[in-house]
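Here is a short set of exercises for you to try with the model open beside you. Work each one by eye first, then compare your route with the worked solution.

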Amino acid sequence: MIVYVWVEVKQMYDLLFEEKKQEEMKQFFVNLASSGNIKKYKKKELIDIEGYEFVGIVLEGTVKQTLYSPQGLEKSLFFLKRGEIFGEMDYFTQSKCELIVKAVEASEVAIINKKTLEQALQETPKNYEFFIHSMVRKYRITLFQMKSMVFNKSIKRLADTLLRLSYQDSTKKDDKTVLNRIFTHQELAELIGCSRITVTNDLNELKKRKLITVKNKEISIDNLKNLENYLQDED
């Protein structure tokens with residue numbers, strides 16, 4: 001029997017999304033963006049940059065990285081906001097991966113070329129830590145998604161994803177944890193690998209269990225500890 005050990009995951013999320021570290025990393029990338037070529041993208045527009053000798057830095061809006069199957073099915077992996085980057089794994093491995101980058105809303109991105117990147121890293125080698133942290137964070141998130149998809153029912157995958165998103169980007173409001181970004185049911189379905197209808201049903205079940213609240217499409221976790229305990233409960 002597979003037992004969901006949330007304590008281990010919580011400790012990892014605490015490390016991956018430690019607030020001070022995140023702000024320091026994001027500020028570094030925002031500062032670096034001033035040396036790049038800034039481009040604007042419309043909602044749902046593909047961010048298709050030739051080659052792999054660059055890193056993209058999100059300055060405004062939201063960008064997502066996804067995988068597509070030959071049949072056109074979509075699996076979203078990461079939603080990136082201001083100060084977060086994409087293309088770093090391609091740059092350091094010198095090969096293009098199959099991730100598709102798309103603007104979720106009207107967005108602004110700075111494209112940093114190889115020369116600028118090398119200069120920033122040579123001047124301060126410690127800056128490598130920010131790139132390593134970004135890559136390790138994505139790797140860990142992908143592992144958690146895979147583990148959850150293989151071993152958990154859809155409702156547990158959804159609960160796990162909402163908890164992770166709360167660690168990434170949320171605000172405390174009236175003793176609740178409110179996700180700062182509004183996610184459509186389709187976006188959540190792409191994150192956890194199921195249908196939109198399943199997400200709708202599972203959200204309703206989580207609401208019925210008084211684990212979350214949805215108001216004006218805004219998702220709030222009523223009590224983080226209760227949701228953590230729910231993830232540890234055996235079905």
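The exercises below go through the sheets, a helix, a cavity and two single residues of this predicted model.

**Exercise 1. Work out the strand order of the three-stranded open sheet and find its edges.**

Step 1. Start with the pairing: the three strands are ordered 4-3-6, and they pair in the antiparallel sense.

Step 2. Now look at the two ends of that order. Strand 4 (74-80) and strand 6 (100-103) each have a single partner strand, so one side of each is left without a neighbour in the sheet.

Step 3. Check the twist, which averages 30 degrees from one strand to the next.

Step 4. Zoom in on one pair. Strand 3 (residues 63-68) and strand 6 are joined by four bridges in the antiparallel sense, and within this pair Gln 65 stands opposite Val 101 of strand 6.

Step 5. Finally, see what packs on the sheet. Helix 5 touches strand 3 and strand 4, and its direction makes about 145 degrees with that of strand 4. Helix 7 (residues 185-192) lies across strand 3 and strand 4 too, running at about 105 degrees to strand 4.

**Exercise 2. Do the same for the four-stranded open sheet, then trace its pairs residue by residue.**

Step 1. The order here is 8-9-11-10, with antiparallel pairing.

Step 2. Strand 8 and strand 10 (212-215) are the edge strands, each pairing on one side only.

Step 3. From one strand to the next, the twist of this sheet averages 30 degrees.

Step 4. Take strand 8 (residues 170-173) with strand 9 (residues 176-179): four antiparallel bridges link them. Lys 173 has Lys 176 as its bridge partner, while Lys 172 is partnered by Thr 177.

Step 5. Look at the turn of this hairpin. Two residues lie between the strands, and Asp 174 takes a positive phi near 55 degrees.

Step 6. Move on to strand 9 and strand 11 (residues 218-221), which pair in the antiparallel sense over two bridges. Here Thr 177 stands opposite Ile 221 of strand 11.

**Exercise 3. Decide how far helix 7 is enclosed by the rest of the structure, and say what surrounds its buried residues.**

Step 1. Apply the cut-off: a residue is buried when its relative accessible area is under 20%.

Step 2. List the residues of helix 7 that pass: Glu 187, Leu 188, Ala 189, Glu 190, Leu 191 and Ile 192.

Step 3. Draw the conclusion. Six of the eight residues are buried, so helix 7 is largely enclosed by the rest of the structure.

Step 4. Find the neighbours. The buried residues pack against strand 3, strand 4 and strand 11, as well as helix 5, helix 6 and helix 8 (196-208).

Step 5. Step just past the end of the helix, where Gly 193 has a positive phi of about 75 degrees.

**Exercise 4. Describe the largest cavity and place Ser 148 in relation to it.**

Step 1. Count first: there are two cavities of 30 Å³ or more. The largest holds about 70 Å³ of space.

Step 2. Identify its lining, which includes Tyr 13, Phe 144, Ser 148, Arg 157, Asp 160 and Leu 191.

Step 3. Sort the lining by character: five residues are nonpolar, three polar and three charged.

Step 4. Ask which helices contribute. Helix 5, helix 6 (154-168) and helix 7 each supply at least two lining residues.

Step 5. Now focus on Ser 148, which is found in helix 5 (residues 128-151). Its relative accessible area is 5%, under the 20% cut-off, so Ser 148 is buried.

Step 6. Leaving aside residues up to four places away in sequence, Ser 148 touches Lys 156, Arg 157 and Asp 160.

**Exercise 5. Is Glu 84 buried or exposed, and which residues does Glu 84 touch?**

Step 1. Locate Glu 84 in the loop between strand 4 and strand 5 (85-86).

Step 2. Its relative accessible area is 8%, so Glu 84 is buried.

Step 3. Collect the contacts, not counting residues up to four places away in sequence: Lys 26, Gly 56, Ile 57, Val 58, Phe 79 and Arg 137.

Step 4. Compare sequence with space for one of these contacts. Glu 84 and Lys 26 are 58 residues apart in sequence, yet 6.1 Å apart from C-alpha to C-alpha.

Notes: Residues numbered from 1 in each chain as written. Predicted model: local features only at pLDDT ≥ 70, side-chain atom pairs only at ≥ 80, totals over all residues. Heavy atoms only, no water. Buried < 20%, exposed > 50% of the residue type's maximum accessible area, 1.4 Å probe, protein only. Contact = heavy atoms within 4.5 Å. Pairing = 2+ DSSP bridges. Axes fitted to C-alpha atoms, helices over the stretch in contact; angles between N-to-C directions. 1 Å grid on protein atoms, 1.4 Å probe; cavity = no way out; pocket = protein on both sides within 12 Å on 5 of 7 lines; lining within 4 Å. Points joined across faces, edges and corners; volume = space filled by probe spheres on them. Nonpolar A, V, L, I, M, F, W, Y, C, P; charged D, E, K, R; others polar.
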